[in-house]
Amino acid sequence: TGAIGLYNIGQSCCLNSLLQVFLMNIHFTGILRRITVPPCARHKSRNVPYQMLLLLEEMQCGKQKAVSPIALARCLSVHRVKLFVQHDAAQLFLTVWNLIKKQMKKPELVEELSNLYTICVQEHLACQKCSLETKRNSSMLTLPLPVLDSNSHRLKTLEDCLQYFFSPEELTHHNMCFCEQCGRRTPFLQSMKLVRLPQTLTIHLKRFCFEKSANVQKLSHYLPFPQDLDFNAVLTENQCEADSDEKAGWKYELFAVVAHSGSSSCGHYCAYIRSLTEHKWYCFNDSEVCQVLWDDVKCTYGHSNLHWGETAYLLVYMKKRPQ
């Protein structure tokens, strides 16, 4: 099954959880197995994809309950990823992914990796006083979804978060932009439209926010997310900039949940992952791995009265195969 744990080498629960999500993804490991092996020992020790491949082989070849990611952790530390500190899973995911992409030498593998993970959106800015409109395409590794609206009201479901993220926003008063056609600052309408979704889609629930005191607060309120997610049923035509062929592939099923327990300053990560070969859910909690039920995964929806409880932080969805 590949369901092997990773020993915690000192506050490495965040890294361990992300590594399990990477290495349980057969689409990612299919790319990883085709990398160019670095030519010498020094280059091997500094190459993140190669060290991930060694870790994968150790996890798959042995019969141990868990293996140590110390060699990969040392490799990451060479690239200024700090060890023995609390990490934010969304930030660490971006850092590790960028290192993997940077160190993959084959252009075709870099392209495959980008297609596997990156989201393409189109940003729109429209002056409300004249007809000037600008459009710009950009790529994102995750969809960073707010869990509160602009009035600090709680959004009730994942679908609500997606709707809110892709809803137009009026830029008025001190947020007005300079319009070249009008020659002055004017109100603008800002919106984001979805252009392309990847095979593996990562959603970042922004459960950590700054209070007025500048302290980081964790938002633990109840926020359910579905096992099956169809973007065509969630977003309107005006929120998309894609053709019918692209939209036909916008049906997803949940693959993994990276969950956080504890407070914003002191916490722990684990990962719930659905095996793509067995179609069973597992909980990866450092060196401990056990099979779980969907009801166990649903416990990460959150609860307002359990601020130290386990809440989903990253949701990883996998594109459904066409029937």
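The paragraphs below lead through the cysteines, the aromatic pairs and one helix of this structure, which is a predicted model.

The cysteines are a convenient place to begin. A search of the whole structure finds zero disulfides, and Cys13 illustrates this, since the nearest cysteine sulfur, that of Cys14, lies 6.5 Å away. Cys13 has a relative accessibility of 7% and therefore counts as buried. Cys127 has a cysteine sulfur at 3.7 Å, that of Cys130, but this separation is too far for a bond, because a disulfide requires the two sulfur atoms to be within 2.5 Å. Cys127 is likewise buried, with a relative accessible area of 5%.

From the cysteines we turn to the aromatic rings, among which the count comes to 16 aromatic pairs. One of them joins Phe28 and Tyr117, whose ring centres are 6.4 Å apart and whose planes stand at 70 degrees, an edge-to-face arrangement. Phe28 belongs to helix H2 (residues 26-32) and Tyr117 to helix H7 (residues 107-117), so this pair ties together parts of the chain that are 89 residues apart in sequence. Phe28 is buried at 0% relative accessibility, and Tyr117 is buried at 3%. Another pair is formed by Phe231 and Tyr252, which is edge-to-face because the planes meet at 70 degrees, with the ring centres 5.9 Å apart. Here the partners come from helix H9 (residues 231-234), which holds Phe231, and strand S14 (residues 251-262), which holds Tyr252, so the pair links parts 21 residues apart in sequence; both of these residues are buried. Returning to Phe28 and Tyr117, one finds that ring pairs link them with Phe22, Phe93 and Trp97 into a cluster.

The last stop is helix H5, which spans residues 70-78 and in which Leu72, Ala73, Cys75 and Leu76 are buried. Viewed down the axis of H5, the buried residues fall within an arc of 160 degrees, so they line one face of the helix. The general background is that an α-helix has 3.6 residues a turn, so residues three or four places apart point the same way. As for what the buried residues of H5 pack against, the partners are helix H1 (13-23), helix H3 (41-46), helix H4 (48-61) and helix H6 (89-103). After H5 comes Arg80, which has a positive phi, near 70 degrees.

Methods. Residues numbered from 1 in each chain as written. Predicted model: local features only at pLDDT ≥ 70, side-chain atom pairs only at ≥ 80, totals over all residues. Heavy atoms only, no water. Buried < 20%, exposed > 50% of the residue type's maximum accessible area, 1.4 Å probe, protein only. Phe/Tyr/Trp six-rings, centres within 6.5 Å; stacked < 30°, edge-to-face > 60°. Helix = DSSP H or I, 4+ residues; strand = E, 2+ residues; numbered from the N terminus. Arc of directions from axis to C-beta. Contact = heavy atoms within 4.5 Å.
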